[in-house]
Amino acid sequence: MLTLGGCSAPAESSGNGFPEASLLAMASESGSYRVEVRTAPDQPPTRGDVSVQLTVTNTDTGAPGTGLGLKVVPWMPAMGHGTSVKPTISEPEPGVYQLDHLILFMPGDWQIRTELDGTVSDHVTPTLEIR
């Protein structure tokens, strides 16, 4: 599990509402993909309605992980529950997936349990610390 939190200077925006610098980066469960995570409107995210951008690349080739089917479940392990609102998922750019309306309503650690379905089925679970 990878958790990142703490104080930082305001991040510079990339023009699409997400900062240029990623909040965290991690490998998928099988190691087939590298996933960079950014959040908006704040990075690190705060409690409420959060958008998350997942930039997915093939670990071997560095090519964008395009056309993947994503299933996303926001989950708070300490409380044993998720949210009743399903986030919307889009791919605004090749290999860049945007999760909108992640309602992270309680402070604490939230897992973004993500299934990646393409030529390889895989999982990645970034953890966001919500204050």
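A residue is taken as buried when its relative accessible area is under 20%, and by this criterion Trp 110, with a relative accessible area of 0%, is buried in the predicted model described here. Phe 105, by contrast, has a relative accessible area of 39% and is therefore partly exposed. These two residues form the one aromatic pair that a search of the whole structure finds. The centres of the rings of Phe 105 and Trp 110 lie 5.5 Å apart and their planes stand at 70°, so the pair is classed as edge-to-face, the angle being over the 60 degrees that this class requires.

The largest nonpolar core comprises 24 residues, among which Val 52, Leu 54, Leu 70 and Leu 99 touch the most other members. At least two residues of this core are supplied by each of the strands S2 (24-27), S3 (33-40), S4 (48-58), S5 (69-76), S8 (96-104), S9 and S11 (127-130). When neighbours within four places in sequence are left aside, Val 52 is in contact with Phe 18, with Val 37, Arg 38 and Thr 39, with Tyr 97, Gln 98 and Leu 99, and with Leu 102 and Leu 128.

Gln 98, one of the residues in contact with Val 52, is placed in strand S8. Its relative accessible area of 19% falls under the 20% limit, so Gln 98 counts as buried. The side chain of Gln 98 is joined to that of Asp 100 by a polar contact of 3.1 Å. Beyond the residues up to four places away in sequence, Gln 98 touches Phe 18 and Val 52, together with Thr 88, Ile 89, Ser 90 and Pro 92. Phe 18 thus appears among the contacts of Val 52 and also among those of Gln 98.

Side chains of opposite charge can pair when their charged atoms come close. In this model the count of salt bridges comes to three. Glu 36 takes part in a salt bridge with Arg 34, in which the closest N and O atoms are 2.7 Å apart, and in another with Arg 38, where the N to O distance is 2.8 Å. Arg 34, Glu 36 and Arg 38 are accordingly linked in a network of salt bridges. Within this network, Arg 34 is partly exposed at 38% relative accessibility, whereas Arg 38 is buried, with a relative accessible area of 11%. Arg 38 is also one of the residues in contact with Val 52. A further salt bridge joins the side chains of Glu 129 and Arg 131, with an N to O distance of 3.0 Å. Glu 129 counts as partly exposed at 23% relative accessibility, while Arg 131 is exposed, with a relative accessible area of 61%.

Asp 117 lies in strand S9, which spans residues 108-117, and strand S9 is one of those that supply at least two residues of the largest nonpolar core. Asp 117 itself is partly exposed, with a relative accessible area of 24%. Its side chain makes a polar contact of 3.1 Å with the side chain of Ser 121. When residues up to four places away in sequence are not counted, Asp 117 touches Gly 67, Leu 68, Gly 69 and Lys 71. Of these contacts, Lys 71 is 46 residues from Asp 117 in sequence, and the two residues are 8.3 Å apart in space, C-alpha to C-alpha.

Terms used
Residues are numbered from 1 along each chain as its sequence is written. This is a predicted model: local features need pLDDT of at least 70, side-chain atom pairs count only at pLDDT 80 or more; totals for chains, interfaces and linings use all residues. Side-chain values use heavy atoms; hydrogens and water are left out. A salt bridge is a side-chain nitrogen of Lys or Arg within 4 Å of a carboxyl oxygen of Asp or Glu. Buried means under 20% relative accessible area, exposed over 50%, partly exposed in between (1.4 Å probe, protein chains only). Helices (H or I, at least four residues) and strands (E, at least two) are DSSP runs, numbered from the N terminus. Contact means heavy atoms within 4.5 Å. A polar contact is a pair of N or O atoms within 3.5 Å; within protein, one must be able to donate a hydrogen and the other to accept it, and residues adjacent in sequence count only if both atoms are side-chain atoms. A nonpolar core is a set of buried Ala, Val, Leu, Ile, Met, Phe, Trp, Tyr and Cys residues joined through side-chain atoms within 4.5 Å. Rings of Phe, Tyr and Trp (its six-membered ring) pair if their centres lie within 6.5 Å; planes under 30 degrees apart count as stacked, over 60 as edge-to-face and the rest as tilted.
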